[in-house]
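Thanks for coming, everyone. Let me put the model on the screen, and then I will walk through it chain by chain.

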Amino acid sequence: MLDAFGQPQSVVVLGGTSDLAGAIVQALVRRRCRTVVLAGRDDQRLAASASAASAAGAEHVSTVRFDALDVAGAAATVDDAFDAAGAADLVLLAVGVLSHERDELDPARTAEVVTATYSWPATALTRAAARLRAQGYGRIVVLSSVAAVRVRRQNFVYASAKAGLDAFSLGLSEALRGTGVAVQIVRPGRVPTKMTEGLPSAPMSSTPEAVADAVMAGLESGAPVIWVPGAARWAMGLARLVPQALWRRIPG
Amino acid sequence: MPDASLAPAQRLLAGWGRTDATRALVWTPRRDDEVAELLAGLESPAVIPRGLGRSYGDAAQSAGGTIVDTTLLDHVGEVDANGEVEVGAGTSLDTLVRRMLPQGWFLPVTPGTRQVTVGGAIAADVHGKNHHADGSFARHVTAMTVATPTGVHRVTPTRDPDLFWATAGGMGLTGIVTSARIRMLAISTDRMLVDTDRFADLDAVMTAMEEGDARYRYSVAWVDCSGTARRTRPGGELGPRAGRAVLTRGDHASLEHLRSPELRRAAVTAARVPRPHLRVPRHVPGGLLNRLSIAAFNEAWFRRAPAHREQELQSMWKFFYPLDGVAEWNRLYGPLGFLQYQFAVPPARGDVVHTAIQTLSSHRVPAFLAVLKRFGPSSPGPLSFPIPGWTLALDVPIGPGGVGRCLDRLDEVVAEAGGRVYLAKDSRLRPDVVPIMYPRLEALRAVRLRVDPHGILRSDLARRLDLC
């Protein structure tokens, strides 16, 4: 169950091998979380993430394999993860594939990025929301990105898919009002992780630990949107207003 | 005439602290036998009774399960010559007082609000300012009817004492009390004779309580926790304000204590039970109760109290129920809600009271006045909260900033001292400290195996703390 500070005792992580998810799971286990179900694509990395969760003190850790390009299998993946958890106090969604400029001319690659970053997550969230409604309580934390707020040229395929997921999550949050289930959206700046290897450093960057700290504080405050760093809220508020001609000249 | 509002309905329920609301099917029986029927034929995996929802945390909710709202089981019988009266479990203490007072009877034990049901008072085995003298609520219950999944039991302290005492403080996990027989207290006026003393620090008030409480039926101290551990004092020493206290002690006034013009108005036969005259609006922004506003309130409260005053006649409503004048006061804490941290420690561990106030004030937790009192002997209930010694209770607003971790550390101090945290107020304990705080938890589980072998009596509290 969730406690008065929004701290879960069990978590289902969709995208459980990502660096951000790993840092958040560590922080959750240090507080109240005992049951961790990690869903991911790569067996080896799942095993590594699972042993990290156990080492942090989680009592029950299990893993579920899925492929984020298999949208038809998303609901079944969520069901498997919930069944492994017993009940999920928190569903953490950290699924997505970053795009690069070289991907723009490749329709197949665009389809992959959009499927893994928007279609699979939206499908999975729909199923997770239904499971949580049946439980009568629960939280969903969706990892979005500041890139979703104003799309940049460099990674617009990925950013547009994140923008879709961000909007989907806001809508889901409204749809779930009064059900006992709440949705919180995390919008981190660029976090240097496996996903961003080889990219130049960006303004408003953050670290997995900073994102984890912000998520922990967000669980306590119940904030509908969690910005990391906190100043990104104001910076991106301005960014929305900047004319496109100026926006494309801002480095980063 | 069928009433649509009584049909089972899905509702989002939270405790008085307004944290962790969960959804469940709420079912409102009108007769005792309907409760037994429901328990026998229940399809939902979990069921728990709920009265007026005054538990601070998640004790009277069961996510995805069924809630038995007892508030229509509110019959009040005729009081006999011994002051014993049979009442429905959904009867509020407010209703009971209104019915009994004109006949010269008052509650033998009352918590700080009349807005709790008799069933809830038994399930939490509530205490009042007279615990050191009269024990907890269940000590004044002579019999009760408990509906369980395996049948209805009429139990007393001698007939099936295991079920009786497991139910007293059992948080609804041993069955649904539908009716109880209570031994009331005879009083003759609605006034109290009160002695008030103000103390500059915690040691002074604790010494006064140790030495003098035995002379009074009722005793309680309000301690100011808002003083900060000033930065100029390394080591987190208490600031000058933290720990100052106002001690009020007294007993019911009898007719001879009153002067003649007061007699007619104050005699219980003419007593009028007040109703709330203020109501907090539905939407209150967060942050209204912050360190500044709370410190100002505490300052005013402390200054209002006399340094020393004896035998003052006070209204019993002001004495027992200072907060019942404001309806829905829990909304003042804003949308994030609040919790009440209440623990009890053995008589020799008064140092934990110091540690708690010091820890909370050095964490800059905006805490209202804390309530300090001494407990007398425990009741036999395995989950009944009071143990002989000290108890401290304080409200804490929910918010980020490490309050949760601060309370986690206090739990360890309390458990290590042989103390415990009050489950009726809890919304955040770690499950692993509960068997240390309540070493007789197994006795409750044994009774459950007998009366609820499939374990359908289950609340969010029980799930969160692995109680069963």
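**Chain B, chain A and their contact**

Let me start with chain B. Take its contacts with a separation of 6 or more: 74% of them join residues 24 or more positions apart. Keep in mind that this is a predicted model.

What does the secondary structure of chain B come to? It has 14 helices and 20 strands. Along the principal axes, its C-alpha atoms fill a box of roughly 65 × 55 × 45 Å. Now the radius of gyration. For 468 residues, a compact globule would be near 23 Å, and chain B comes out at 22 Å, so the two agree. As for burial, 51% of the 468 residues in chain B are buried.

Let me zoom in on one strand. S17 of chain B covers residues 338-345, and eight of its eight residues are buried. Which residues sit on each side? On one side of S17(B) we have B:Phe338, B:Gln340, B:Gln342 and B:Ala344. On the other are B:Leu339, B:Tyr341, B:Phe343 and B:Val345. Both faces are covered. Note that the first of those sides includes two glutamines, B:Gln340 and B:Gln342, and they are buried too.

Who are the partners? S17(B) runs antiparallel to strand S19 of chain B, residues 389-397, and eight bridges join them. To fix the register, look at B:Ala344: opposite it in S19(B) stands B:Thr391. S17(B) also pairs with strand S20 of chain B, residues 420-421, again antiparallel, over two bridges. There, B:Phe343 has B:Val421 as its bridge partner.

Next, a parallel case. Strand S3 of chain B, residues 47-50, pairs in the parallel sense with strand S4, residues 66-69, over four bridges. B:Val47 has its bridge partner in S4(B), namely B:Thr66. Burial in S3(B) goes both ways. B:Val47 and B:Pro49 point one way, B:Ile48 and B:Arg50 the other, and all are buried. So an arginine, B:Arg50, is on that buried list.

On to chain A. It has eight helices and seven strands. Its radius of gyration is 17 Å, close to the 18 Å that the globule rule gives for 252 residues, so chain A is as compact as a globular protein of that length. The C-alpha box, along the principal axes, is roughly 50 × 35 × 35 Å. Buried residues make up 50% of the 252 in chain A. And among its contacts with a separation of 6 or more, 72% come from residues 24 or more positions apart.

One helix in chain A deserves a slide. H4(A) runs over residues 107-135, which is 29 residues. How far apart are its end C-alpha atoms? They are 40 Å apart; at 1.5 Å a residue the helix should span 42 Å, so this agrees. Still, H4(A) has a kink of about 45 degrees, centred on A:Thr115. Just after the helix, A:Gly136 takes a positive phi of about 90 degrees.

Last, the contact between the chains. Chain B gives 24 residues and chain A gives 19 residues. On the chain B side, strand S2 (22-27) and helix H14 (460-464) each supply at least two residues. By class, that side of chain B has eight nonpolar, eight polar and eight charged residues.

That is the tour. Questions, please.

Technical notes:
Residues are numbered from 1 along each chain as its sequence is written. Chains are lettered from A and ligands numbered from 1 in the order in which they are written. This is a predicted model: local features need pLDDT of at least 70, side-chain atom pairs count only at pLDDT 80 or more; totals for chains, interfaces and linings use all residues. A residue is buried if 20 or more other C-beta atoms lie within 10 Å of its own, exposed if 12 or fewer, and partly exposed in between; C-beta atoms are placed from the backbone. Two strands pair if DSSP finds at least two bridges between them. Two residues are in contact if their C-beta atoms, placed from the backbone, lie within 7 Å. Ala, Val, Leu, Ile, Met, Phe, Trp, Tyr, Cys and Pro count as nonpolar, Asp, Glu, Lys and Arg as charged, and the others, Gly among them, as polar. The expected span of a helix is 1.5 Å times one less than its number of residues. The bend at a residue is the angle between axes fitted to the seven residues ending there and the seven starting there. The radius of gyration is taken over C-alpha atoms; the globule rule is 2.2 Å times the number of residues to the power 0.38.
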